[in-house]
Amino acid sequence: MHEEIKLTREVAAIQIPSGDTLSLPAGTAVFITQRLGGTYTVATSQGLARISSQDADALGVNPEEEVKKQAEVIRLKDAPLEEQVWSQLKGVYDPEIPVDIVNLGLVYDCIIEESEGKKIVAVKMTLTAPGCGMGPVIAADAQAKIMTIDGIDDARVELVWDPAWNQEMISEEGRMKLGMV
């Protein structure tokens, strides 16, 4: 995780924390600082950037981790929809913090509604800081993960600021991962 990696090909990335897109050329030296939620946060000479799992090969990452994730998807296939949604949300990470958005206490509400025969997931979540440029990216990640669930027709992820997030909202599991316990 602290070894310099040279990208084997050009990859699209998202600059952290601005959320701007950028292109990292082949040969760019990076250090993986986080590999959670199917994305990779890398340190570059230009700062932090997030690379999606579809470009993991450019980092030389072995896709076996994806196989493990698929096993969990299969296990959850017959679980209630609510459990499946929460499981997907636990696979979304703030690229600067190695704890998922659920255990960080960022998800305030998650409701599965039925309207005209369609199942719609409505999520209200916040961020650790209101000015975070990655907010729309994290919300889009949550929506995309929810939409992978069979039986869900739509997902709406709304960023809210009330109540304001604070560290007391982090779960016990999250505190342990952050070394706060």
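Where is G27 found? Let us work that out together, along with five more exercises.

Before we start, note that this is a predicted model, in which local features need pLDDT of at least 70, side-chain atom pairs count only at pLDDT 80 or more, and totals for chains, interfaces and linings use all residues. Residues are numbered from 1 along each chain as its sequence is written, and side-chain values use heavy atoms, with hydrogens and water left out.

**Exercise 1. Place G27 and its neighbour T28, and describe their surroundings.**

Step 1: G27 is found in the loop between β3 and β4. Strands such as these are DSSP runs (E, at least two residues), helices are runs of H or I with at least four residues, and both are numbered from the N terminus. T28 is found in the loop between β3 and β4 (29–36) too.

Step 2: Look at accessibility, where buried means under 20% relative accessible area, exposed over 50%, and partly exposed in between (1.4 Å probe, protein chains only). G27 has a relative accessible area of 39%, so it is partly exposed. T28 has 16% relative accessibility and therefore counts as buried.

Step 3: Find the contacts, meaning heavy atoms within 4.5 Å. Not counting residues up to four places away in sequence, G27 touches K6 and L7. Leaving aside neighbours within four places in sequence, T28 is in contact with I5, K6 and L7.

Step 4: Now look further away. G27 and C110 are 83 residues apart in sequence and 42 Å apart in space, C-alpha to C-alpha.

**Exercise 2. Work out the strand order of the open six-stranded sheet.**

Step 1: The order is β1-β4-β5-β6-β2-β3, with antiparallel pairing. Two strands pair if DSSP finds at least two bridges between them.

Step 2: Look for the edges of this sheet. β1 (4–6) and β3 each have a single partner strand, so one side of each is left without a neighbour in the sheet.

Step 3: Add the twist. On average, neighbouring strands of this sheet are turned by 45 degrees against each other, direction ignored. For this angle, axes are lines fitted to C-alpha atoms (for helices over the stretch in contact), and angles run from 0 to 180 degrees between N-to-C directions.

**Exercise 3. Trace the pairings of β2, β5 and β6.**

Step 1: Begin with β2 (residues 11–16), which is joined to β3 by four bridges in the antiparallel sense. Here A13 stands opposite L22 in β3.

Step 2: β2 also pairs with β6 (residues 47–52), antiparallel and over three bridges. Q15 stands opposite A49 in β6.

Step 3: Move on to β5 (residues 39–44), which runs antiparallel to β6 and is joined to it by six bridges. T44 stands opposite G47 in β6, and a hairpin of two residues links β5 to β6.

Step 4: Visit one residue of β5, namely T39. With 14% relative accessibility, T39 counts as buried. Apart from neighbours within four places in sequence, T39 is in contact with Q34, R50, I51, S52 and S53.

**Exercise 4. Describe the hairpin of β7 and β8, and its turn.**

Step 1: β7 and β8 pair in the antiparallel sense over eight bridges. The bridge partner of D109 is K124 in β8.

Step 2: Two residues lie between the strands of this hairpin. E116, in the loop between β7 (107–115) and β8 (118–125), has a positive phi of about 55 degrees although it is not a glycine.

Step 3: To see what stands out here, recall that most residues other than glycine have a negative phi, and most peptide bonds are trans. E116 is also exposed, with a relative accessible area of 80%.

**Exercise 5. Find two cis peptide bonds.**

Step 1: The bond from I16 to P17 is cis, with omega near 5 degrees. P17 lies in the loop between β2 and β3 (21–24).

Step 2: The bond from D162 to P163 is cis, with omega near 5 degrees. P163 has its place in the loop between β9 (154–159) and α4 (172–177).

**Exercise 6. Place M180 in its surroundings.**

Step 1: M180 is found in the segment after α4.

Step 2: Its relative accessibility is 37%, so M180 counts as partly exposed.
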